[in-house]
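Hi,

Here's the structure I promised to send over. Have a look first, and my notes are underneath.

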Amino acid sequence: MAINLFGFVLSRYELNATETNHEYIHSLQQRELLWIFFYLFYGLEWLAKLFLYRSPQKAYLNLSFEREAYAHQSDLLYHESRRWYSWLSYLYKPNN
Ligand SMILES: [Zn+2]
């Protein structure tokens, strides 16, 4: 469990490469949304998905930002081929 605040990752343990990459993807998402809009959209999408899925965990796992990060966290070179706003393609694809 880690949290990425404005590009600074807080965690109780040392993250492995996959987890670090997951957080790096969030840093890229944050940067392209000028940080504040990332958190604004993250919160609004979470509320919408909570309403849709009726489960905080399912809402979290179906956030577009999380779905992109989980889908590519094992690809340590993803940042090289990633297009800006790639998370948008995960908005409407149901996951769980
Ligand atoms: Zn995440």
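**What I found**

Let's start with helix 2, which covers residues 36-53. With 18 residues at 1.5 Å a residue, helix 2 should span 26 Å, and its end C-alpha atoms are 25 Å apart, so the two agree. Right after helix 2 comes Arg54, with a positive phi of about 60°. Bear in mind that this is a predicted model.

Helix 1 (residues 17-32) is a similar story: its 16 residues reach 23 Å from the first C-alpha to the last, close to the 22 Å expected. Leu34, which follows helix 1, also has a positive phi, near 55°.

Which residues of helix 1 are buried? They are Asn21, His22, Ile25, His26, Gln29 and Gln30. For the spacing, remember that an α-helix has 3.6 residues a turn, so residues three or four places apart point the same way. The cover over the buried residues of helix 1 includes strand 1 (2-5), helix 2, helix 4 (64-72) and helix 5 (78-81).

Now the whole chain. It has two strands and five helices, in the order β-β-α-α-α-α-α from the N terminus. The radius of gyration is 13 Å and the globule rule gives 12 Å for 96 residues, so the chain is as compact as a globular protein of that length. Along the principal axes, the C-alpha trace spans about 35 × 30 × 25 Å.

Two last numbers: 17% of the 96 residues are buried, and of the contacts with a separation of 6 or more, 46% are between residues 24 or more positions apart.

Cheers

Methods
Residues numbered from 1 in each chain as written. Predicted model: local features only at pLDDT ≥ 70, side-chain atom pairs only at ≥ 80, totals over all residues. Helix = DSSP H or I, 4+ residues; strand = E, 2+ residues; numbered from the N terminus. Rg over C-alpha atoms; globule rule 2.2 N^0.38 Å. Buried ≥ 20, exposed ≤ 12 C-beta atoms within 10 Å, placed from the backbone. Contact = placed C-beta atoms within 7 Å. Expected span 1.5 Å × (residues − 1).
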